[in-house]
Amino acid sequence: MLRIYNTLSNTEEEFRPIEEGVVRFYACGPTVYNYAHIGNFRTFVFQDLLRRYLRYSGYQVLHVMNITDVDDKTIQNARAQGMSLRDYTTRYTEAFLEDSRTLRIAPPDVMPRATDHIPEMVALILILEEKGYTYRKDGSVYFNIARFDGYGKLSKTDFSGAQAGASVDTDKYDKANARDFVLWKARKEGEDFWETELGPGRPGWHIECSAMSMKYLGETFDIHCGGIDLVFPHHENEIAQSECATGRPFARYWVHPEFLIVEGEKMSKSLGNFLTLRDLTAQGYAPEAIRYLLLSVHYRKQLNFTMDGLHQAAAAIDRLEDFLLRAREKASDEAPTPEFKAEAAAARVRFREAMDSDINTSAALAALFDFVRAANQRDSRGALTGGDARLAIAFLEEVDGVFNILRGRPEILDEEIARQIEARQEARRRRDFAEADRIRDQLLAEGIQLEDTREGVRWKRSAGAPPVK
RNA sequence: GGCGCCGUACCCAAGUGGCUAAGGGAGAGGUCUGCAAAACCUCGAUUCAGCGGUUCGAGUCCGCUCGGCGCCUCCA
């Protein structure tokens, strides 16, 4: 059974969904004001992994991820580009989906946009208003945190004392208490707005997630996942709004992946280490390697993203790919040997135990690599049968259903390349090694790597990492 | 200033009280090869930033010190 760390309790808990066999999963998605960066994708790749592992574990998963398409940045950027908010955010939503595909992230089952749910948000605010949790000021509606006893339970912050009058934002909207947050922002000149029962304006940031998660998943659902930075204030505020509106618990398990830093430093535009996925793929880094690197470190640990790490990740994937390549040549329909079957079963147990302990990906991958080594050892002493090879492939593919880092079925060899390989073989038979080596080098330059084995020549695409500079 | 995380071999990284401290990368040696590359195998920390403490027993718990990072601003 899966045990997962719950920010609400600050402990690892056994995961038991509300409805047996079904997981209702809400993931905080991107604000579509620009291309998502590699740090954003750490979180999204983790969400994808979690969802895949839940499915692997036999759950039916209903995965909802919001698109935040209205906030200060989207409005500002759209205006700067002379575009409508809708057109602007659509462009970056599509870019986000394209990047997600590149990283082999499965699309969520439902992907609601905030601006398509204005009525739901207004309705929620009206309920809060009716129940006395809000106040109005200059056309805006605020949530009064003093009315909610549970405020601070997620971030473990005590707000009951004197209201820290000193610090805190001015936020352009006046609030009674500095920590009170806006549910509905009054219309401002030149900004997008909606004409609603609350008056003209636009939603505050937090209300969308409450409205949309509850619409698609119910008042109480199983998992709410988002970056660690969202714990406060975003998720704290979501809890306040939702629980005050419904009188019921909101999400049951709060899962927060840690931040990513780049080359040892916080990623920021001013440091010049701000990386988008597109920057990396443009430099020739393989998406699989990026995904592997993002997943290979435990999600609650800060991940230092480096170019060296990317090369190491590519090499690790190659180790698995190369094994698969050989196994596929060998695989047959015969039954696997009992010993090897036991080996695979043990590896599967290790893999599941690792993933069950708070998604320990490092340990899970170790189980996989140990299995590959065991298979290789067998092979090197001539004891890996065709059936064993087939079993090994099946196990790797099973695990890859969760990690999704392998390239899949081998490609068909280009006819021209096949002709050159044959020409090289002919040269080797003539013992014209100069010519053979010339062809081999030429193919390598084209990204085709040849290996001479006892059984003949084998080819593969050379490693996904870019050539060493 | 307040709060929190981290410091395990050359690099990345599991392990959170008890068999010989996972795994990957790099490196070295070997096998194979016409050769080189590739591939495969083997090797690799008497030791877990430092010091002190608790314990029969600590990388794992507690305290202090040093070092790195993050949050406290509508940042994943």
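# Exercises on a protein model with RNA strand B

The surface near RNA strand B draws at least two residues from each of α1 (38-56), α6 (231-246), β11 (260-262), β12 (265-266), α9 (307-330), α11 (361-380), α14 (433-445) and β14 (448-453). Helices (H or I, at least four residues) and strands (E, at least two) are DSSP runs numbered from the N terminus. The model is predicted: local features need pLDDT of at least 70, side-chain atom pairs count only at pLDDT 80 or more, and totals for chains, interfaces and linings use all residues. Residues are numbered from 1 along each chain as its sequence is written, while chains are lettered from A and ligands numbered from 1 in the order in which they are written.

## Exercise 1. The RNA surface

Describe the residues that surround RNA strand B by number, source and class.

Solution.
- Step 1: Apply the cut-off for "near", which is a C-beta atom, placed from the backbone, within 6 Å of the molecule or strand.
- Step 2: Count the residues that surround RNA strand B, which gives 60. The closest are Gly39, Gly227, Lys266, Ala316 and Asn376.
- Step 3: Find the element with the largest share; α11 supplies 10 residues.
- Step 4: Sort by class, with Ala, Val, Leu, Ile, Met, Phe, Trp, Tyr, Cys and Pro as nonpolar, Asp, Glu, Lys and Arg as charged, and the others, Gly among them, as polar. The surface near RNA strand B then has 21 nonpolar, 18 polar and 21 charged residues.

## Exercise 2. The parallel sheet

What is the order of the four strands in the open sheet with parallel pairing, and which helix packs on the sheet?

Solution.
- Step 1: Take two strands as paired if DSSP finds at least two bridges between them. The order that results is β4-β3-β9-β10, in an open sheet with parallel pairing.
- Step 2: Identify the edges: β4 (60-65) and β10 (251-255) each pair on one side only.
- Step 3: Read the twist, which averages 25° from one strand to the next. Axes are lines fitted to C-alpha atoms, for helices over the stretch in contact, and angles run from 0 to 180 degrees between N-to-C directions.
- Step 4: Place the helix. Helix α5 (residues 207-217) packs on the sheet and touches β3 (22-27), β4 and β9, contact being C-beta atoms, placed from the backbone, within 7 Å. The direction of α5 makes about 155° with that of β4.
- Step 5: Check one pair. Strand β9 (residues 221-225) is joined to β10 in the parallel sense over four bridges, and His224 has Trp254 in β10 as its bridge partner.

## Exercise 3. Two helices

Are helix α10 and helix α12 roughly parallel or roughly antiparallel, and which residues meet?

Solution.
- Step 1: Compare the axes: those of α10 (residues 338-356) and α12 (residues 386-403) come within 10 Å and cross at roughly 10°.
- Step 2: Classify the angle. Because of that angle, α10 is roughly parallel to α12; angles under 35 degrees count as roughly parallel, over 145 as roughly antiparallel, 65 to 115 as roughly perpendicular and the rest as oblique.
- Step 3: List the contacts. On α10, Phe340, Lys341, Ala344, Ala347, Arg348 and Phe351 meet Asp388, Leu391, Phe395 and Val399 in α12. The contact of α10 with α12 has seven nonpolar, no polar and three charged residues.

## Exercise 4. Antiparallel pairs

Give the order of the open sheet with antiparallel pairing, then describe the hairpin of β14 and β15.

Solution.
- Step 1: The sheet of four strands has the order β5-β6-β7-β8, with β5 (134-137) and β8 (201-203) as edge strands.
- Step 2: Between strand β7 (residues 181-186) and β8 there are three bridges, in the antiparallel sense. Ala186 has Gly201 of β8 as bridge partner.
- Step 3: β14 and β15 form a hairpin with two residues between them. Six bridges join β14 to the antiparallel strand β15 (residues 456-461), and Gln449 is partnered by Lys460 in β15.

## Exercise 5. Backbone exceptions

Locate the cis peptide bond and the positive phi of Ile359.

Solution.
- Step 1: Recall the background: most residues other than glycine have a negative phi, and most peptide bonds are trans.
- Step 2: Phe232 and Pro233 are joined by a cis peptide bond with omega about 0°. Pro233 lies in helix α6.
- Step 3: Ile359 has a phi near 55° and sits in the loop between α10 and α11.
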